[in-house]
Structures are given as structure tokens and as C-alpha cells.
Amino acid sequence: MTLPSRLLVAISIALVISSIVADLYGARLESSYRNTIPVGPGTTLFLGVSSVTSSGKVSVEVEGASNMYYMRLTGDPYTLVQQFRALNLNVSASRPQLDLRAGVAYVVALIQASPAIVQALSLLGEVIPVVQAGGSTPVIEARLATGDNIIVIVTEASKPTVSVRVNYSVEGYSRLAPLQAAIVSATIILVVASIELLRRRGL
Amino acid sequence: MSSRTGGLTRVYHILYIDISDVLRPPGLDVLVVLLAMLGAILVSIQPVTSPIIASRIALDPTLVATALFLAIRSSAGLATLIQSGILNLYLTYPIHRVTVAVVLLVSRVVIPSALILATPLVTILILLGSTLYRGLDVILGMYLAFLFQAVLYGSIFLLVAVRVKSQATSGILSVAVYFTYIALHLILTGIGGAIGSDVVRRVGEAMYLPDIAYYAYSNLDYEVWQLTLVPGLSILVILAYLTYMSRRFEVL
């Protein structure tokens with residue numbers, strides 16, 4: 001077989017196997033995160049949602065907050081938490097929770113309450129206060145491109161515990177189904193076989 | 001005119017014979033199946049919607065495998081040509097030594113690197129075509145960055161092979177040089193960040209062109225000279241290899 005034929009056969013084999021693996025263990029288009037965090041007085045709750053490899057729509061519901069802000073940011077939200085530590089603020093950060101199959105990561109941290117937090121964040125972008133109407137649970141919605149983050153900061157809690165619910169749905173993603181991949185692979189192999197046959201017959 | 005055509009025919013013959021040797025089955029075939037599969041699986045286990053990230057995820061492991069392939073097939077393979085006297089035969093052709101050296105560079109470094117790196121990209125483009133088709137220019141740019149990096153490794157390996165002329169030694173030395181280069185890149189980047197030296201950090205980062213191409217496409221912080229370090233180093237190493245082949249190289 002000629003070199004292009006060999007490479008095409010290799011691609012068609014890889015295509016079938018990878019599409020089967022992707023179908024069994026591949027990407028999911030939905031992800032959710034729920035957590036209830038005890039927020040004492042003098043503590044600020046920091047929540048970061050980061051679209052690591054995907055892009056999509058995020059909605060964040062926070063229950064038990066009386067004063068909170070949000071902002072959009074590019075970069076790594078976990079690095080931001082570490083930078084608060086550099087400002088001598090007492091930070092107890094949980095490890096970032098990565099949902100690899102949805103391409104999204106969540107970071108929750110408790111930071112010693114300080115006006116420096118909102119001031120520091122306002123240097124990085126617009127910090128938007130969340131208005132709560134009639135005691136209803138506020139919902140923050142945003143579209144995130146790959147590498148974008150949404151940061152929610154609860155500076156004052158109305159309850160001893162704050163509940164966060166995050167729903168993330170991936171947008172703009174599609175891939176070949178195993179059947180489609182098998183058809184493409186079979187077509188490639190058929191074309192390669194025909195070319196090789198014609199070549200060997202000297203046509 | 002006929003002499004020129006004859007010269008080109010001889011160059012083509014050497015190129016054809018040498019490519020057939022470097023890319024002979026089944027080594028290349030098994031490698032590209034595994035790499036194309038690995039790249040496609042890595043890209044499809046997460047919903048990658050960014051062409052920059054998709055090309056990086058597919059090509060980062062491919063570049064490691066390409067470097068090892070170049071160390072074994074190109075560097076150690078060239079040393080075998082020297083030891084077996086085949087290179088001596090090539091040099092008896094009425095072609096300039098530099099031309100033979102350029103042909104060996106193309107057949108042992110540029111073409112294998114281009115093919116091995118392209119295979120996973122073609123696979124992910126078929127698999128995720130509807131997601132990635134908008135970023136074909138970005139994917140091409142990332143591919144070229146990885147190709148330049150592979151050409152740098154390959155040209156260093158060829159220089160090692162023509163200098164040491166031993167199959168085992170050139171293979172081992174090439175792998176050692178590759179890992180030393182990667183370690184140096186990581187050390188300089190880490191130390192530069194730790195001591196706060198922007199120049200050291202940027203030099204460390206610039207040693208790996210795909211990183212800088214990624215920064216450039218992602219609008220992250222980089223400087224234009226960082227894009228030129230790897231191509232510049234490649235040109236220097238290729239010039240050293242051609243000079244050595246034309247002036248100092250002696251067959252066994």
C-alpha cells in the first residue's frame with residue numbers, strides 16, 4: 001500500500017474506535033453542582049464556575065445570602081483564590097472540583113471578610129451587585145466561552161448556611177455518532193481499496 | 001538543462017529511497033493509529049468547543065511520540081546508514097553534499113513530523129468537524145507551531161547522528177537531549193516565575209513554541225520575539241548540520 005493509503009486506513013481505524021469510546025465514556029452536555037456551606041459572621045463566600053474546555057450557559061442560584069455580587073472573568077479562578085491569600089486574607093479553599101466530561105470546574109472558598117475583596121476584584125472587571133426582589137432566591141445566568149469564569153461573592157449571609165446550586169449546559173458542541181463514524185471509515189477504506197486495486201492493475 | 005533534470009532525478013531517487021526507509025511499515029502505521037486514537041479520545045471525552053484547546057490536547061502527546069520516533073528512526077536510522085555504508089553510496093552520486101544533507105533533513109525530519117502530527121488532527125476534524133470547522137486557521141497555526149518544534153528536535157538529532165556515527169549512541173543521546181531540553185524549558189519557566197525574572201521566564205516559555213502560539217491565539221500575555229526563538233534555534237541547528245556535513249563529515 002502507498003503511504004497515503006496507509007495513513008487513511010490508520011485514520012479510519014482510529015475514528016471507529018475513538019467514536020465508540022466517546023459514545024461510552026465521552027462528553028456530557030449537562031453538569032450540576034450543589035453545596036451547602038456554613039458561612040459564619042465575618043466570612044465571605046467565594047464561588048467560581050470555570051468553563052475549562054467547553055463553552056455554555058450557566059445559571060447560579062444562591063439561597064441564604066443577603067448581600068452578594070458577581071462578575072465575569074477570564075483566567076483560573078483557583079489562582080484568584082491564591083492571590084487573596086497573598087493579600088494576607090485568611091482563605092480556606094476547597095479543592096477545585098473538575099467535571100472533566102462536561103469541561104467545567106467549580107471552586108468554593110471561604111475568605112475572611114474584608115472590603116479589600118470587592119476592591120481587588122473591581123480592578124479585574126466590573127463587579128455587579130445582585131438585587132434580590134421580595135425575598136426570592138436570585139438566579140445569575142451567563143454564557144461562558146472557553147476559559148471564561150463567573151465569580152459569585154456572598155459578603156453577607158441571612159442564614160447560618162448558604163446553599164448554592166449551579167447548572168451548566170454545554171453549547172456549540174457536536175461530534176459524529178459511532179454509526180456515522182463507521183460509515184465515514186467504511187467509505188475511506190472503500191476509496192483506499194479502489195485506488196490500490198486500480199494502481200496494482202496499472203490503470 | 002538535461003544535467004539539471006538528471007540532478008533533480010537523482011535527488012528525487014534519494015528522497016524516495018530514504019522516505020521509504022524511514023516510514024516503512026509497520027512502525028509508522030501502528031504509531032499513527034495509536035496517536036490518532038489517543039488524540040480523538042482525549043478530545044471527545046470532554047466537550048471541547050475551542051479549536052485551540054482541541055489542537056493542543058491532540059498534539060501535545062503526539063509531539064512527544066514524534067520526538068521519540070525521530071530519535072529512533074531519524075537519528076539512529078541515519079547512523080545505521082553511515083555504519084552500513086549506504087550514506088557513502090549516496091555521497092558518490094554527482095550531487096553536492098549539502099543537497100544530500102538537505103534531502104536527509106526533509107526525508108528524516110520534516111516529512112515524518114508533518115505526517116505524524118497531521119494524523120490526529122485529521123481524525124479530530126472528522127470526528128468534531130461541525131464543532132471545529134470555524135477555527136481551521138487556528139488549528140493550522142497550532143499545527144505549524146508543533147511542526148516547528150518537531151523540526152527543531154529532529155535537526156538536533158540529525159546533528160547528533162552525523163557527529164557520533166553510532167546507531168545506539170545517537171539514539172540514546174537524542175532521547176537524552178530531548179528530555180534535557182524539556183527539563184530546561186520547565187526549569188527556566190519555574191525559576192523565572194519564582195525569582196520574579198521576567199526575561200528568564202519568557203525564555204523558558206519561548207523554548208516551547210506551541211505554548212507561545214497558544215498564548216497568542218488566546219490573547220494571553222506574550223512577546224513577539226518569543227514566537228521567533230524556536231524557528232531561530234532550528235535555523236541555527238540546521239546551518240550547523242549542513243556546515244558539518246559539507247566540511248567536516250567523513251564517512252566510516
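**Notebook: loops, interface and pockets**

I began in chain B, where B:Pro26 sits in the loop between helix 1 and helix 2 (27-44). The model is predicted. I checked the peptide bond between B:Pro25 and B:Pro26 and found it cis. Its omega is about 0°.

I then looked at another loop of chain B. B:Lys165 lies between helix 7 (136-164) and helix 8 (167-195). Its phi is positive, about 60°, although B:Lys165 is not a glycine.

**Interface of A and B**

Next I looked up how the two chains meet. I find 35 residues of chain A in contact with 30 residues of chain B. Together the chains bury about 2,500 Å². Carbon and sulfur atoms give 71% of that area. Which three residues supply the most of what chain A buries against chain B? They are A:Arg6, A:Ile11 and A:Thr53, with 22%.

I went on to the charged pairs. The rule finds one salt bridge across this interface. A:Arg6 makes a salt bridge with B:Asp29, and I noted 2.8 Å between the closest N and O atoms. For polar contacts between chain A and chain B, I noted ten residue pairs, both residues at pLDDT 80 or more.

I sorted the chain A side by element. Helix 1 and helix 4 (178-200) of chain A are the elements that give two or more residues to the side touching chain B. Helix 1 of chain A gives the most, with 14 residues. By class, I noted 20 nonpolar, ten polar and five charged residues on this side.

**Salt bridges elsewhere**

I took the total over all chains, and the count is 19 salt bridges. I picked out one within chain A. A:Glu61 and A:Arg165 meet through their side chains, with 3.0 Å from N to O. This pair links distant parts of the chain. A:Glu61 belongs to strand 3 (residues 56-63) and A:Arg165 to strand 11 (residues 161-170), 104 residues apart.

**Largest pocket**

I turned to the open spaces. The largest pocket holds about 590 Å³. Its lining has 25 residues. Which of them lie nearest its centre? I list A:Val52, A:Thr146, A:Gly147, B:Ile53 and B:Tyr214. From chain A, the elements giving two or more lining residues are strand 2 (43-51), helix 2 (77-86) and strand 7 (104-112). From chain B, they are helix 3 (51-84) and helix 10 (209-217). Helix 3 of chain B has the largest share, three residues. I divided the lining into twelve nonpolar, ten polar and three charged residues.

**Second largest pocket**

I noted about 260 Å³ for the second largest pocket. Chain A lines it with A:Thr2, A:Leu3 and A:Arg6. A:Arg6 is also the partner of B:Asp29 in the salt bridge I noted above. Among the chain B residues in this lining are B:Tyr12, B:Leu15, B:Tyr16, B:Ile19 and B:Ser20. B:Leu23, B:Arg24, B:Pro25 and B:Ile111 are in the lining as well. B:Pro25 takes me back to my opening entry, since B:Pro25 is joined to B:Pro26 by the cis bond.

Which elements give two or more residues to the lining of this second largest pocket? They are helix 1 (3-25) of chain A and helix 1 (2-22) of chain B. Helix 1 of chain B gives the most, five residues. By class, I have eight nonpolar, two polar and two charged residues in this lining.

Key
Residues are numbered from 1 along each chain as its sequence is written. Chains are lettered from A and ligands numbered from 1 in the order in which they are written. This is a predicted model: local features need pLDDT of at least 70, side-chain atom pairs count only at pLDDT 80 or more; totals for chains, interfaces and linings use all residues. Side-chain values use heavy atoms; hydrogens and water are left out. On a 1 Å grid over the protein atoms alone, a cavity is a set of points where a 1.4 Å probe fits but cannot get out, and a pocket is an open set with protein on both sides within 12 Å along at least five of seven lines; lining residues have an atom within 4 Å of a point. Grid points are joined across faces, edges and corners, and a volume is the space filled by probe spheres set on the points. Helices (H or I, at least four residues) and strands (E, at least two) are DSSP runs, numbered from the N terminus. Ala, Val, Leu, Ile, Met, Phe, Trp, Tyr, Cys and Pro count as nonpolar, Asp, Glu, Lys and Arg as charged, and the others, Gly among them, as polar. Contact means heavy atoms within 4.5 Å. Buried area is the accessible area (1.4 Å probe) that two parts lose on being put together, summed over both. A salt bridge is a side-chain nitrogen of Lys or Arg within 4 Å of a carboxyl oxygen of Asp or Glu. A polar contact is a pair of N or O atoms within 3.5 Å; within protein, one must be able to donate a hydrogen and the other to accept it, and residues adjacent in sequence count only if both atoms are side-chain atoms.
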